[in-house]
Amino acid sequence: MISAHKNMLGIINKIQLSIGDLSDGIGVSQRQLRYWEEKGYIKPIADNEKGVRRYSFLMVGRCAQIKDFLDEGYTLTKAYEKTIEDEQKRKVFRNFIFNQGGNFTINVTDKEHSYGEIDLGAKCEGKELFGVVDKNGVRYELR
DNA sequence: GTTCTGACA
DNA sequence: TGTCAGAA
């Protein structure tokens with residue numbers, strides 16, 4: 001029996017959007033989406049029957065980020081490069097989070113703003129390393 | 001009604 | 001990139 005939680009990953013990967021929904025959803029024209037595909041920046045789901053494009057959760061996120069960089073003034077090429085860089089960095093981050101052993105101890109300090117303190121389970125100079133997020137932002141502390 | 005490809009201002 | 005055509 002697999003937990004419902006673990007099934008979430010599978011469900012998320014089943015989410016597929018039509019080009020119309022993706023276009024309307026992130027404010028990028030269908031013409032642009034097809035052009036980005038032509039440039040090799042995005043790729044619809046492989047098993048697209050009847051020649052109709054379907055986009056995965058990953059692609060939706062990628063398109064949204066490219067769009068944001070575009071709005072910030074970057075050229076399409078730069079927007080794509082920055083997006084891929086971020087994607088790769090996120091993979092490393094997830095790898096770190098999921099492989100650190102699940103030993104983070106988190107203390108919620110403010111439910112309203114999702115502030116809290118995370119015991120990173122690491123020693124530094126004989127003290128415990130904490131990650132803190134509060135109204136002042138994010139920082140590290142040794143206690 | 002939606003999506004596809006190709007073509008052109 | 002927008003937009004239109006003609007077909008699926």
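Y74 is partly exposed in this predicted model, with a relative accessible area of 33%. Its ring partner, F69, counts as buried, because its relative accessibility is 10% and the cut-off for buried is under 20%. The two ring centres of F69 and Y74 sit 5.6 Å apart with their planes at 85°, so this pair is edge-to-face; anything over 60 degrees gets that label.

Now for the other aromatic pair, since a search of the whole structure turns up two. Here Y41 and Y80 are stacked, with 4.1 Å from centre to centre and 15° between the planes. This pair ties together distant parts of the chain. Y41 is in the loop between α3 (30-38) and β2 (54-55), while Y80 belongs to helix α5 (residues 76-99), and 39 residues separate them. Both Y41 and Y80 are buried.

One more ring is worth a look, this time with a charged partner. R143 lies over the face of F130, 4.4 Å from the ring centre.

Next, head over to the DNA. The residues around DNA strand C are S29, R31 and Q32. S29 goes to the backbone: an N or O atom in its side chain is 2.6 Å from a phosphate oxygen of strand C. Q32 also has a phosphate oxygen of strand C for a partner, 2.3 Å from one of its polar side-chain atoms. With R31, the contact is to a base, where an oxygen of strand C is 3.2 Å from an N or O atom in the R31 side chain. Looking at the atoms of strand C within 4 Å of the protein, 33% belong to sugar or phosphate and the rest to bases.

Definitions and conventions. Residues are numbered from 1 along each chain as its sequence is written. Chains are lettered from A and ligands numbered from 1 in the order in which they are written. This is a predicted model: local features need pLDDT of at least 70, side-chain atom pairs count only at pLDDT 80 or more; totals for chains, interfaces and linings use all residues. Side-chain values use heavy atoms; hydrogens and water are left out. Rings of Phe, Tyr and Trp (its six-membered ring) pair if their centres lie within 6.5 Å; planes under 30 degrees apart count as stacked, over 60 as edge-to-face and the rest as tilted. Helices (H or I, at least four residues) and strands (E, at least two) are DSSP runs, numbered from the N terminus. Buried means under 20% relative accessible area, exposed over 50%, partly exposed in between (1.4 Å probe, protein chains only). A charge sits over a ring if NZ of Lys or CZ of Arg is within 6 Å of the ring centre and within 35 degrees of the ring normal. A residue is near a molecule or strand if one of its heavy atoms lies within 4 Å of it. A polar contact is a pair of N or O atoms within 3.5 Å; within protein, one must be able to donate a hydrogen and the other to accept it, and residues adjacent in sequence count only if both atoms are side-chain atoms.
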